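User: I am new to this structure and would like to understand the reasons behind the terms used to describe it. Could you take me through them with care?

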Amino acid sequence: MSQRTSFYKFISEEQREHPFSSGKLTGLLLEVISACKKIAHLTGSGGLASHAMGAADSENVQGEQQKKLDILSNELFVESTQWCGYLAGLASEELDHSQPVPKEYPRGKYLITFDPLDGSSNIDINVSVGTIFSILEAPDEGDIQDGDFLQQGLKQVCAGYCLYGTSTMLVLTTGRGVNGFTLDRTTGDFVLTMPDIQIPPDTSEYSINQSYSRHWEPPVKRYVDECLLGAEGPLGKNYNMRWVASMVADVHRLLCRGGVFMYPMDARMAAKGEGGKLRLLYEANPMSFIVEQAGGVAHTGYERIMEVQPDALHQRVPVIMGSRNEVERIVSYHKDA
Ligand code: P6P
C-alpha cells in the first residue's frame, strides 16, 4: 500500500511552499491537534468515563447547560495550547471572556477562538460531536483584550474542525484549499484521506431544524416549502433532509456530498434581540472559511458571513452555507423579500 501522508508531513510540505513562513503556525497546529486527540479519547470513552457524562451544575455565558465534557474539553484545549509560545490569547465558547496566555509562557503571534465541544447535547445519546477552531493574527504588543478577537472572518489565517464520529477526522484550511485527515488509532497520526475537498455546486439535500418552521422568515420558508414540493414543485427534483443537531457533523456531510446547512434568523431570536443561534467567531467564521475554500458559499442571507464585522465575542449570526448554486438561490429569495 502506498505510503500515506501524515498530517505532519502534509503541513511541513505546505510550509516549504511558503519560503517566508516561520513554522509558528505549524507549531501551533500540532498542539491544537494534540488537544483534539485527547478530546477524541475522552468522547470515545462514553459511559466508561462516567465522570465525563451528563450535565455539569453550571451554565456557560450563553446560558446553556454545560455538560461535564464541555468543561473538560475546554480545559484540555487550553492546557494543550497556551504554553506553546505561538499564542498570545484564547477565546472559547465556554469562557465568558478571552484570556491572555499566562505570563510564565512566551507570547506568540496568533489568537485562537474555539468551540471545544460543539453539539455536546449529543454526547449522552452517542451521536457525533466536534471541536471547531479559528486562528487569527494577534496584535504585536499590548495586553490581549476581547476586542483583539473582533476581526472579520476574512482575517482568519487558518480554520478547522475535528469530528468525533464513526472515525475521528480533522478538516483544515490555511487558505489554500481544504484537506481531510483521519486519525489512525494504531499510530496516533492523522493521515490524509480527503485531499482537496470540493463541495458539489448543486444538491438535493438540505439541513435545518424543521421544528422551528413557524418562526422562520419568509425567504427560508419559501425555500423549504419548495424543497417539500419535490419534483412536482418549482425546483423540479425531490429533496432529502438531514439534521444531526451537531454543526460539525452537518457541515462535514455537505463537504463530502454537497448540501445546504441552515440555522437562519427567526422570530424567537429577533424577539430576544439576538442575531441568530450560532456564534460568529468560533462556529460560523471557521466553517465559512472552510466552506468557501471548498468552493461553497457561506452567507447570513443578507451578507457574506466572513465580511460581518464582529462587535461582541459571543455574537450570533444566521447561517446558510453549502453548495454554491443552492445557497445563491436562497440568498436571492432574501433579496426578493
Ligand atoms: P438545535 C449545537 O448545540 C449547536 O450549536 C450546533 O452544533 C447545532 O447545529 C445547533 O446548535 C443545534 O441546534 O436548536 O437544533 O438544538
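Analyst: Let us begin with a definition: a residue is called buried when its relative accessible area is under 20%, exposed when that area is over 50%, and partly exposed in between. Please keep in mind that this is a predicted model.

User: Why is Q156 counted as buried or exposed, whichever applies?

Analyst: The relative accessibility of Q156 is 7%, and the limit for buried is under 20%, so Q156 counts as buried. Q156 is found in the loop between strand 6 (129-137) and strand 7 (158-164), and, leaving out residues up to four places away in sequence, Q156 touches S134, I135, L136, N285, P286, F289 and M306.

User: What makes the approach between the side chains of Q156 and S134 a polar contact?

Analyst: A polar contact requires a suitable pair of N or O atoms within 3.5 Å, and the side chains of Q156 and S134 are joined by such a contact at 2.7 Å. The side chain of Q156 also reaches the backbone oxygen of G153, at 3.0 Å.

User: How do you know which class of exposure R242 belongs to?

Analyst: R242 has a relative accessible area of 37%, and the class between the limits of 20% and 50% is partly exposed, so R242 is described as partly exposed. R242 is found in the loop between strand 12 (240-241) and helix 5 (247-257), and the side chain of R242 makes a polar contact of 3.3 Å with the side chain of N240.

User: Why are strand 12 and strand 15 said to stand at the edges of their sheet?

Analyst: The sheet is open, with 5 strands in the order 12-11-13-17-15 and mixed pairing. Strand 12 and strand 15 (297-299) each have a single partner strand, so one side of each is left without a neighbour in the sheet.

User: What makes strand 11 and strand 13 a pair?

Analyst: Two strands pair if at least two bridges are found between them, and strand 11 (residues 205-207) and strand 13 (residues 260-263) have 2 bridges, in the parallel sense. In strand 13, V260 is the bridge partner of Y206.

User: Which residues have the most contacts inside the largest nonpolar core?

Analyst: This core has 39 residues, and those with the most contacts inside it are F7, L29, I112, F133 and I135. Helix 2 (residues 24-45) gives the most to this core, with 10 residues.

Terms used:
Residues are numbered from 1 along each chain as its sequence is written. This is a predicted model: local features need pLDDT of at least 70, side-chain atom pairs count only at pLDDT 80 or more; totals for chains, interfaces and linings use all residues. Side-chain values use heavy atoms; hydrogens and water are left out. A nonpolar core is a set of buried Ala, Val, Leu, Ile, Met, Phe, Trp, Tyr and Cys residues joined through side-chain atoms within 4.5 Å. Buried means under 20% relative accessible area, exposed over 50%, partly exposed in between (1.4 Å probe, protein chains only). Helices (H or I, at least four residues) and strands (E, at least two) are DSSP runs, numbered from the N terminus. A polar contact is a pair of N or O atoms within 3.5 Å; within protein, one must be able to donate a hydrogen and the other to accept it, and residues adjacent in sequence count only if both atoms are side-chain atoms. Contact means heavy atoms within 4.5 Å.
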